[in-house]
Amino acid sequence: MAKHLLEVKDLRTSFFTPEGEVKSVDGVSYYVEEGEAIAIVGESGCGKSVTQMSVMQLVQCPPGKILSGEVLFDGQNLLEYKSDSKEMRSIRGSGISMIFQEPMTSLNPVLTVGAQLCDIIITHNPGMKKDEAWAKGVQALKDVGIPEAEARMKNYPFEMSGGMRQRVMIAAAIVCGSKLIIADEPTTALDVTTQAQVMDLLLELVEKHGKSLVIITHNLGLVTRYASRVYVMYAGRIVESGTTEQILTNPQHPYTKGLLNSVPKLESNKDEDLVPIQGMPPILSNLPKYCAFLPRCPYATDKCRESDKPMLKDTGNTHFSACYLTEGQNG
Ligand SMILES: Nc1ncnc2c1ncn2[C@@H]1O[C@H](COP(=O)(O)OP(=O)(O)O)[C@@H](O)[C@H]1O
Ligand SMILES: [Mg+2]
């Protein structure tokens, strides 16, 4: 079995607000193997970003607080380090790279792309001459398919399109040597063609450069080609996990079924009836004791109404579902 590069165990992160405790991450566990791409999927507001910000220790505190759990990266528990510690800064600089929906949040608006890439390259290769770092930067831009890379090095981020900026972020992830890339809705702001190009580039990071990738998305359609395994998240918890094939062809949790019915299928060209999931995602400050999906679930029974939240259980072949209806069904 390949080594787990990242293993998150029972992570809990809350925000303490005047409205009460917002349980954004409520006991989340997942892992990523070396050289693997996984996806974390769920509607907006279910805790995907806060989970990843907790891994990176970038949750704003207060009002946020990581309450418990472990984040094992390359053998170290990152939660033992303070957010502003030398160790965490080194992890963020050269261990784990994060790519956000809007790359302007990570790029410095007043420095050229070339200056920023050279900074990263020299940090990772102390003593390297400026012109050598520049040449490496140009090569990195070529690697991510940016035309006229030499000229582009002299551009400021605002002089580039969103898709181009996202390519620069991927180039930065290549040159900083990080082993894990967390891409949080990396293509949500891009048009469909650019979306596919950026996703293909991210996949190249895995296939050509041997990196590991966590793709965060609300779009289950996106995982088909890009992830080997999928975690489905709802109201701060993982409610289903399995291989991409298991999730797409044999979904167990009613929420996953709902998500699948609400996205167009890649393989089918004919008009299909897309059925949105009824109701709204819950507010995470006032969650019931029972299953958080119950108010939207078409299959809910008395048992669901009377019981605590269902735990993730293996339904067979390490395909997990947190639902009383699927418990022990196949396993
Ligand atoms: N700074 C904050 N203060 C209070 N609540 C927050 C804050 N940031 C995030 N949250 C809450 O955490 C929940 C999860 O947010 P997030 O992880 O960003 O969702 P997702 O990425 O899945 O769309 C949201 O419902 C939101 O209300
Ligand atoms: Mg998010």
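These legends walk through several close-up views of a predicted model.

**Figure 1. The whole chain, before we zoom in.**
Start with the full protein chain, which holds 11 helices and 12 strands. Its radius of gyration is 21 Å, close to the 20 Å that the globule rule gives for 331 residues, so the chain is as compact as a globular protein of that length. If you lay the C-alpha trace along its principal axes, it spans about 70 × 50 × 40 Å. Buried residues make up 40% of the 331 residues. Now take the contacts with a separation of 6 or more: 62% of them come from residues 24 or more positions apart.

**Figure 2. The open sheet of four strands.**
Here four strands line up in the order 2-1-4-5, and their pairing is antiparallel. Strand 2 and strand 5 (residues 76-77) stand at the edges with a single partner strand each, so one side of each has no neighbour in the sheet. Look for strand 1 (residues 4-17) and strand 2 (residues 20-33), which run antiparallel and are joined by 11 bridges. To get from strand 1 to strand 2, the chain makes a hairpin through two residues. You can pick out individual bridge partners too: Leu-11 goes with Val-28 in strand 2, and Thr-13 goes with Val-25 in strand 2. Strand 1 also has strand 4 (residues 64-73) to deal with: eight bridges join this antiparallel pair. One spot to find in that pair is Lys-9, which stands opposite Glu-70 in strand 4.

**Figure 3. The surroundings of ligand 1.**
How many residues surround ligand 1? There are 16, and the closest are Phe-15, Ser-24, Lys-48, Ser-49 and Val-50. Strand 1, strand 2 and helix 1 (residues 48-55) each chip in at least two residues of this shell. Helix 1 gives the largest share, with three residues. Sort the shell by residue type and you get six nonpolar, nine polar and one charged.

**Figure 4. Helix 1 and what comes just after.**
Is helix 1 largely enclosed or left open? Eight of its eight residues are buried, so helix 1 is largely enclosed by the rest of the structure. If you want to tick them off, the buried residues are Lys-48, Ser-49, Val-50, Thr-51, Gln-52, Met-53, Ser-54 and Val-55. Keep following the chain just past helix 1 and you meet Gln-57, which takes a positive phi of about 55 degrees.

**Figure 5. The open sheet of eight strands.**
This view shows an open sheet of eight strands in the order 6-7-8-3-9-10-12-11, and the pairing is mixed. Its edge strands are strand 6 (residues 96-99) and strand 11 (residues 313-314), and each of them pairs on one side only. Within the sheet, strand 3 and strand 9 pair in the parallel sense over four bridges. A handy marker for that pair is Ile-40, whose bridge partner in strand 9 is Tyr-231. Helix 7 (residues 192-207) lies across strand 3, strand 7 (residues 180-184) and strand 8 (residues 212-217). Compare directions and you'll see helix 7 running at about 150 degrees to strand 8.

**Figure 6. Helix 10 and its cover.**
Which residues of helix 10 (residues 254-261) are buried? They are Pro-254, Tyr-255, Thr-256, Gly-258 and Leu-259. Several elements help to cover these buried residues, including strand 3 (residues 37-41), strand 9 (residues 229-234), strand 10 (residues 237-243) and helix 9 (residues 244-249).

**Figure 7. Glu-102 in its loop.**
Our last stop is Glu-102, found in the loop between strand 6 and helix 3 (residues 113-124). Glu-102 has 14 other C-beta atoms within 10 Å, so it counts as partly exposed. Now find Thr-188: Glu-102 and Thr-188 are 86 residues apart along the chain, while their C-alpha atoms are separated by 8.8 Å.

Conventions:
Residues numbered from 1 in each chain as written. Chains lettered and ligands numbered in written order. Predicted model: local features only at pLDDT ≥ 70, side-chain atom pairs only at ≥ 80, totals over all residues. Pairing = 2+ DSSP bridges. Rg over C-alpha atoms; globule rule 2.2 N^0.38 Å. Buried ≥ 20, exposed ≤ 12 C-beta atoms within 10 Å, placed from the backbone. Contact = placed C-beta atoms within 7 Å. Axes fitted to C-alpha atoms, helices over the stretch in contact; angles between N-to-C directions. Near = placed C-beta within 6 Å. Nonpolar A, V, L, I, M, F, W, Y, C, P; charged D, E, K, R; others polar.
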